[in-house]
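This report covers the surface, the interior and the chain ends of one protein model. The structure is shown first.

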Amino acid sequence: MGLSQVVGRLIGVREHVVDPGGGGAPRVPRPVTALVVGGGIAGMSAAVVLAERGVEVTVLEAAPHLGGRLGAWPEELPDGVQRNEHGFHAFFRQYWNWRSILRRVDPALGFLKPIPGYPILSAQWPTEEFGKLPPAPPANLLALLLRSPSLRLADLRSMDRDAALPLLTYDAVRTYAEFDERTADELLSSLRLPDRARAMLFEVFSHSFFNHEAEMSAAEMIAQFHFYLLGNPEGLAFDCPDEDYATAIWEPLTRHVEKHGGRVLTGAAAARLDRTPEGWRVAGADGDVWEAAHVVLAVDPPALAALVDASPGLAVAAPELVARMPAFGRPGPPYAVARYWMDGDVRPERAVFSGVSRQPTLDSVTLYHRLESEPRRWAERTGGSVLELHAYACEPDVPADELAARMLRELTTLWPEVADLRVRELRARVEAQAPAFTPGSHAGRPGVRTDAPGLYLAGDGIRTEFPSALMERSAATGIIAANHILRAEGAAAEPVRSIRPRGLLARR
Ligand SMILES: Cc1cc2nc3c(=O)[nH]c(=O)nc-3n(C[C@H](O)[C@H](O)[C@H](O)COP(=O)(O)OP(=O)(O)OC[C@H]3O[C@@H](n4cnc5c(N)ncnc54)[C@H](O)[C@@H]3O)c2cc1C
């Protein structure tokens, strides 16, 4: 533990035990069945915990491959098959629940390699470096203020410090009560930050949540500042797999679930859910039927709303869940991912991952040929490079190829050498599956428990009573769903951890 973490600990920046787990038999005392719909992080986290405790669990995944938004699949290129992925992911170090699932297949997490640095690129201002701050508050805040060219002491005097206080006083109940109706944009404007600090430090951060500031709840942004920066003892540095996600994560996790007696079915879409006297029946899109005592719906928000809509029996079995779906099922804005196989490389000093500030489309750049082994080998063989460009919250109704072309043009203004590279292959997608965190949405956000016995929800849009986001929220809600089933059946639950759910200056 470094000095900043020791100091942080003394003032309360530390791990928080949400659920100590335990409390029952190591395995369920009698046969228990469970179905998990969705084979992304949330569903597979639930399945891992259930299978280990002896529950007969079956995962139904609609796609031909596991992983959902962290999926990876073989892509035919003219010179051979390469794995493509749903998009680059940063595995932050306070993702303790997700990491505990991953430790099942690699106890030392050796496949996760630290990413050196995390620059923010801008056409207007010099690069800002995020990832090299001391990990814990208050040292990270002080370093940010002292080192950041975007925030001078004179700027702090012009800032509205009262308006900034909510960032330091996060409270899992009060923050939502006071700020959920306001937008992140209003909150940022009220800080009266210099434009450069706003662009380089705050906007890049809020974009990473797949929502526009003008349509995102201010409370949610305060919660995410707390989770990633102001209450996080592990810091903003992160790690990434050195193999594609199928090889590093999904294939080993599938073997783990199967070793414990579970089943993982791909190409198995759930089309309808019905209550039965013994539990639940799930009808598949191609006529298959599965039955179980418990069901975890671990699908993305639009898929959950569609499944609930196609299950008329839920109007009686789970009326509250049904009522929450119209608002919950509307996803955030579309996001775009474009992977480029190029005929040459960018300059050697370019970082593996860079955030981008204030470009109309482009939000991040990843150099896959300096990250994962297969693209690395491809680049060595061909003298080329593999780039991935992301836009986290883009304009609706723009085709993927057009977004990809815009992102590449914008990258050229930041890295001029890109203009000299020829695109050998491009795979571009635009999707809308991320949860929306619109102002006022917190009260209606469904939690893991539904109003129907034996029916649970998991995923990154599902409400938690402690700080969590993105991949970590998916894993945490998956584990919590499994814990509800295990406790109901008399088996020991799994521990759940988060950061302390109270800001540095929050009242008790
Ligand atoms: C481009 C991109 C970059 C990202 N970067 C980061 C990052 O750096 N750090 C981070 O923490 N998070 C990041 N995220 C967010 C992260 O990917 C998600 O939070 C997480 O993967 C969500 O997992 P999930 O299991 O909740 O949902 P999903 O991954 O959406 O899984 C749901 C699964 O359910 C399946 N399904 C849907 N309907 C049905 C049905 N009817 N029957 C059966 N199966 C069904 C889907 O096929 C899917 O596999 C990123 C996301 C994207 C898109």
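The text below treats a surface patch, the nonpolar cores and three selected residues. The model is predicted.

**Surface patch**

A nonpolar patch on the surface is formed by Met 1, Leu 3, Val 6, Val 7, Leu 10 and Ile 11. Together these residues have about 650 Å² of accessible area. Leu 10, one of the patch residues, sits in helix H1, which covers residues 3-10. Met 1, another member, belongs to the segment before H1. Leaving aside neighbours within four places in sequence, Met 1 is in contact with Val 6 and Arg 9. Of these two contacts of Met 1, Val 6 is also listed in the patch.

**Nonpolar cores**

The largest nonpolar core has 138 residues. Inside this core, Trp 98, Ile 249 and Trp 250 have the most contacts. Helix H10 (residues 218-230) supplies the largest share of the core, 10 residues. The core lies between domain 1 (19-69 + 245-329 + 439-499) and domain 2 (119-230), because both domains give residues to it.

Trp 98 has contacts beyond its neighbours within four places in sequence, and Ile 249 and Trp 250 are among them. The other partners of Trp 98 are Ile 41, Ser 45, Leu 70, Phe 91, Met 471, Glu 472 and Ala 475. A second core, separate from the largest one, has 24 residues, including Ala 338, Val 346, Val 365 and Leu 387.

**Accessibility of three residues**

The table lists relative accessible areas for Leu 10, Met 1 and Ile 499.

| Residue | Relative accessible area | Class |
|---|---|---|
| Leu 10 | 74% | exposed |
| Met 1 | 71% | exposed |
| Ile 499 | 0% | buried |

Why is Ile 499 classed as buried? Its relative accessible area is 0%, and buried means under 20%, so Ile 499 falls in that class. Leu 10 is classed as exposed because its value of 74% is over 50%.

**Surroundings of Ile 499 and Met 1**

Ile 499 is found in strand E22, residues 496-499. Leaving aside neighbours within four places in sequence, Ile 499 is in contact with Arg 14, His 16, Gln 94, Trp 96, His 226, Phe 227, Gly 231, Asn 232, Pro 233 and Pro 467.

Pro 233, one of the contacts of Ile 499, is 9.7 Å from Met 1 in space, C-alpha to C-alpha. Met 1 and Pro 233 are 232 residues apart in sequence. For Ile 499 and Ala 62, the separation is 437 residues in sequence and 33 Å in space, C-alpha to C-alpha.

Conventions
Residues numbered from 1 in each chain as written. Predicted model: local features only at pLDDT ≥ 70, side-chain atom pairs only at ≥ 80, totals over all residues. Heavy atoms only, no water. Patch = residues over 30% accessible without salt bridge, like charges linked within 9 Å, V, L, I, M, F, W, Y side chains within 5 Å. Areas by Shrake-Rupley, 256 points an atom, 1.4 Å probe, with all protein chains shown as cover. Salt bridge = Lys/Arg side-chain N within 4 Å of Asp/Glu carboxyl O. Helix = DSSP H or I, 4+ residues; strand = E, 2+ residues; numbered from the N terminus. Buried < 20%, exposed > 50% of the residue type's maximum accessible area, 1.4 Å probe, protein only. Core = buried A, V, L, I, M, F, W, Y, C linked by side-chain atoms within 4.5 Å. Domains from an automatic or database assignment. Contact = heavy atoms within 4.5 Å.
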